[in-house]
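Reader: I am in my first year and still learning how to read a model like this one. Could you take a single part of it and go through that part slowly with me?

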Amino acid sequence: MSTGGNGGATATNKQVILRDYVSGFPKESDFEITTTTVELRLPEGSNSVLVKNLYLSCDPYMRSRMGKPSAVALAQAFTPGKPILGFGVSRVIESGHPDYKQGDLLWGIVGWEEYSVVTPEMHFKIHDTHVPLSYYTGLLGMPGMTAYAGFYEVCSPKKGETVYVSAASGAVGQLVGQFAKMMGCYVVGSAGSKEKVDLLKNKFGFDDAFNYKEEQDLSAALKRCFPKGIDIYFENVGGKMLDAVLSNMNMHGRIAVCGMISQYNLEDQEGVHNLTSIIYKRIRIQGFVVFDFFDKYSKFLEFVIPCIKEEKIAYVEDVAEGLEKGPEALVGLFYGKNLGKQVVMVARE
């Protein structure tokens, strides 16, 4: 830390910068680590908040922000030459905003950097610190809220139904499966390694699980796991998996479309062939975005925090230490390298 020319304190600010728009699978070389300086005081009259970032969340949706601006993208594209943005957990250094004071903890969108200046909009103050702060990048943050809203609000589950979750060992999938078990459902998940499959069955309590990479015929694998068909599919993958699911769905089945990670890096996305099943089986397919459900965040916390304290929910994180490890951790998501929720620790609490 040093003193700036105007007498205010400054600090070095390491940042993860997007070099240029990405096509195909992202690479570590698409990013660079730079160091700049930041004023540790806000301008007079500012209603922003200066924060020190503690944890950053690596999420599959961020791939859509790496490409050229698109009218159908979930969120605005990143700007080449600038820090990328994502969900993070931060501590307030200085505040010009009436809702925040120095020392407060919050989670929400921040830059991938050591310090950020944010105008609180889609940000939430952290009140419960009896759980690890990193949980607010996942279980108690955007992914947890995604699992909760997608399963309870979109899927309309009933006790005894059959539930299939793809990409089931990730931040969202591991929670959807456990929520479904709490409802008394029969739950099967798929993942891309033996280690992840073991995690689903032995740690998260799924009734069954399979490694999709070892299956020659995905439809046959699903028929083996669900001899009586699938009532609910929590969709994280898309492509051939969605095709296989459609032929195994039950009458009046529901599909909550959360993500399609198999398609994000393709120039030409794969088509789906079994669409007539939607008609014959009266299947409801609904896409959803977590931002539409943030008004239910306090209700979500009331439900999930007691579950954590009573150890009714298991949760696994994969933590990369240091901002310089950020590009490797983020890119690793698209190659299935993470085991559990991928987090980057920027600074110790």
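Author: What follows is a close look at one open sheet and at the helices that lie across it, in a model that is predicted.

The sheet is built from 6 strands in the order β11-β10-β9-β12-β13-β14, and their pairing is parallel. At the edges stand β11 (208-211) and β14 (284-287), each of which has a single partner strand, so one side of each is left without a neighbour in the sheet. If you compare neighbouring strands while ignoring direction, they are turned by 15° against each other on average. At the β14 edge, strand β13 (residues 249-257) pairs with β14 in the parallel sense over 4 bridges, and Arg254 stands opposite Arg284 in β14.

Now turn to the helices. Helix α4 (residues 218-225) lies across β9, β10 (186-191), β11 and β12, and runs at about 165° to β11. Helix α1 lies across β9 (162-165), β12 (230-235), β13 and β14, where it runs at about 150° to β12.

Helix α1 (residues 142-154) also packs against helix α7 (residues 297-309), at an angle of about 95° and with the two axes 11 Å apart; angles of 65 to 115 degrees count as roughly perpendicular, and α1 and α7 are therefore roughly perpendicular to each other. On the α1 side the contact is made by Gly144, Met145, Tyr148, Tyr152 and Glu153, while α7 brings Tyr297, Lys299, Phe300 and Phe303. Sorted by class, this contact of α1 with α7 has 6 nonpolar, 1 polar and 2 charged residues.

Terms used
Residues numbered from 1 in each chain as written. Predicted model: local features only at pLDDT ≥ 70, side-chain atom pairs only at ≥ 80, totals over all residues. Heavy atoms only, no water. Axes fitted to C-alpha atoms, helices over the stretch in contact; angles between N-to-C directions. Helix = DSSP H or I, 4+ residues; strand = E, 2+ residues; numbered from the N terminus. Parallel < 35°, antiparallel > 145°, perpendicular 65-115°, else oblique. Contact = heavy atoms within 4.5 Å. Nonpolar A, V, L, I, M, F, W, Y, C, P; charged D, E, K, R; others polar. Pairing = 2+ DSSP bridges.
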